[in-house]
Amino acid sequence: MSARFVPIDLTVDTSHLSPNDRAALKKLIEAARIIDRLFYRQLWSGNEALEAQLKQDQSELGQARLDYFHLNKGPWSDLDNHQAFLLNVPERKPEGANFYPEDMTREEFEAADLPESKGFFTVIRRNEDGTLQTVPYSTEYRDYLQPCAQLLNEAAALTDNQTLRHFLETRAAAFLSNDYYESDVAWMDLNAPIDITIGPYETYNDELFGYKAGFEAYVSIRDDEETAKVNFFGDHMQEVEDNLPIDSQYRNPKIGGLSIICVVNQVIAAGDASHGVTAAAYVLPNDERIVQQKGSKRVMLKNIQEAKFNAILTPISRLVLQPEAQNDLSFDAFFTHILAHEMSHGIGPHQITVNGRETSPRQELKELYSAIEEAKADILGIFMLQFFNDRGHRPLDEAKLCTTYLASSFRTLRFGLNEAHGKGMALQFNYLMNAGAFTCENGRWSADPIKMREAVRNLAHDILTIEATGDYHAAKQLLDTLGTMPPNVAETLTQLSDLPVDIRPRFTTATL
Ligand code: ZN
């Protein structure tokens with residue numbers, strides 16, 4: 001089970017940090033380690049006792065059990081739908097994790113109707129008489145949050161950066177007051193050589209109601225070169241919009257504010273951010289009040305992307321690409337296309353008119369929207385980079401771009417067509433294959449950058465027109481005919497079944 005993850009050393013260059021920031025970084029890594037322990041307790045009430053018991057077994061099998069327990073942060077396997085991989089534990093992760101009493105039913109919770117019981121930052125516990133009560137995180141996890149707040153304050157006193165200091169001080173206060181609003185706003189304004197996200201955020205572990213936030217921490221170093229690339233894209237988005245391959249009446253003469261994108265290199269991830277499959281990006285905050293007021297921020301973890309590229313995509317490419325295409329596989333092309341994909345979500349039709357009605361592609365395309373929008377972002381990402389090449393901006397080798405994109409599409413298709421990215425990818429793959437831009441010979445694939453140009457333009461035109469007109473039937477027809485697995489792709493995919501699924505980072509810079 002562990003062999004599905006490739007161990008990689010995650011090293012980050014911190015040499016450009018000021019001495020004060022380097023001292024602050026140490027404190028923040030310590031704080032992240034506390035968050036890691038806190039999350040074990042959130043996931044299951046039995047975790048701490050089980051871990052102590054597993055540590056006693058010095059046999060090879062005992063050590064392997066402990067190791068996989070740490071990888072999943074509990075006795076249930078993330079990759080296998082949270083089924084138990086150890087004996088004498090519940091067969092599956094309890095739906096309510098350790099946020100609610102394990103014997104509590106949905107009905108009992110609803111009937112109690114306690115104040116704050118549906119909040120992100122409270123747990124539900126039983127009183128002595130068996131009735132339910134709401135306990136704020138600041139009380140429930142005080143033994144972790146108090147030392148964590150202290151470390152954040154110490155780091156705040158050390159750093160030279162005003163925005164980092166403000167976030168750390170307000171977040172430390174939030175850990176003790178249980179009011180996260182001000183610190184979430186401060187996080188949106190954070191712009192510093194050290195980047196940090198720390199606190200209770202995602203609610204996926206609460207499978208009972210989806211109310212309760214798991215604690216996580218990401219401590220990273222800002223990547224200044226990629227940040228400059230993102231800023232460059234941002235400055236040229238209107239120019240791309242003005243030249244989209246679509247009827248000019250559908251182009252937006254003044255595109256709205258783009259969401260903030262930060263590119264960082266991860267030093268350590270902890271708690272909910274560090275079990276099972278490793279996240280390569282995250283979008284926060286989840287608090288709707290802040291999203292309304294300030295938008296949201298996407299943080300992209302470049303060194304995690306690079307590790308996945310080396311450990312997963314490169315072995316895939318050796319099995320799927322023609323040998324002579326192998327040299328065109330490029331991390332720079334891969335990462336630049338991911339950035340272009342994210343920027344592309346911000347352009348194209350967003351507010352549309354259908355029969356005189358003001359509406360949006362999401363509302364009109366309903367359950368098909370995600371697959372169409374993801375395909376749009378991919379294909380417009382390529383279009384945008386080709387467009388920049390024509391204008392002489394930031395030239396990117398198109399053979400590398402197309403070949404890397406081809407190899408990467410196998411990585412997406414490998415996980416099936418049930419989810420929006422897979423379905424959207426099948427649509428693009430079939431379209432590009434039918435246009436002769438992707439070809440297969442003796443089971444090995446290659447991309448033709450010249451044919452890609454016209455095919456990308458035509459597909460971008462078709463998808464953008466569907467979004468601009470909110471044409472549900474056209475979307476359905478496109479996905480029904482092209483959102484399927486081509487037989488020769490399915491055949492290639494069977495060769496990939498033994499390859500690893502994901503990486504397992506070792507935070508080497510964090511332990512230095
Ligand atoms: Zn996307």
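**Buried loops, sheet and core packing**

Asn178 is buried, with a relative accessible area of 16% (buried denotes under 20%, exposed over 50% and partly exposed the range in between, for a 1.4 Å probe and protein chains only). The structure is a predicted model, in which local features need pLDDT of at least 70 and side-chain atom pairs pLDDT 80 or more, whereas totals for chains, interfaces and linings use all residues. Residues are numbered from 1 along each chain as its sequence is written, and side-chain values use heavy atoms, without hydrogens or water.

Asn178 lies in the loop that links α7 (162-177) to α8 (181-188), and although it is not a glycine, its phi is positive, at about 70°. Ala97, likewise not a glycine, has a positive phi of about 45°; Ala97 is placed in the loop between β3 (83-84) and α4 (106-112) and is buried, with a relative accessible area of 1%. A further backbone feature is the cis peptide bond between Leu284 and Pro285, where omega is about 0°; Pro285 belongs to the loop between β9 and α10 (288-294). Helices (H or I, at least four residues) and strands (E, at least two) are DSSP runs.

An open sheet of 5 strands shows mixed pairing (at least two DSSP bridges between strands) and the order β6-β7-β8-β10-β9. Because β6 (194-200) and β9 (281-284) stand at its edges with a single partner strand each, one side of each has no neighbour in the sheet. On average, neighbouring strands are turned by 35° against each other, direction ignored. β6 runs antiparallel to β7 (residues 215-222), to which 7 bridges join it, and Gly199 stands opposite Glu216 in β7.

Helix α11 packs on this sheet by touching β8 (260-271) and β10 (297-301), its direction making about 75° with that of β8, while helix α12 (residues 331-344) lies across β8 and β10 and runs at about 170° to β10. The axes of α11 (residues 302-320) and α15 (residues 398-413) come within 9 Å and cross at roughly 100°. Angles here run from 0 to 180 degrees.

The largest nonpolar core (buried residues joined through side-chain atoms within 4.5 Å) has 154 residues, of which Phe175 and Ile198 touch the most other members; helix α14 (residues 369-390) gives the most to it, with 12 residues. Beyond its neighbours within four places in sequence, Ile198 is in contact (heavy atoms within 4.5 Å) with residues including Ala31, Ile35, Leu152, Phe167, Phe175 and Glu216. A second, separate core of 13 residues includes Leu66, Trp76, Phe85 and Leu86.
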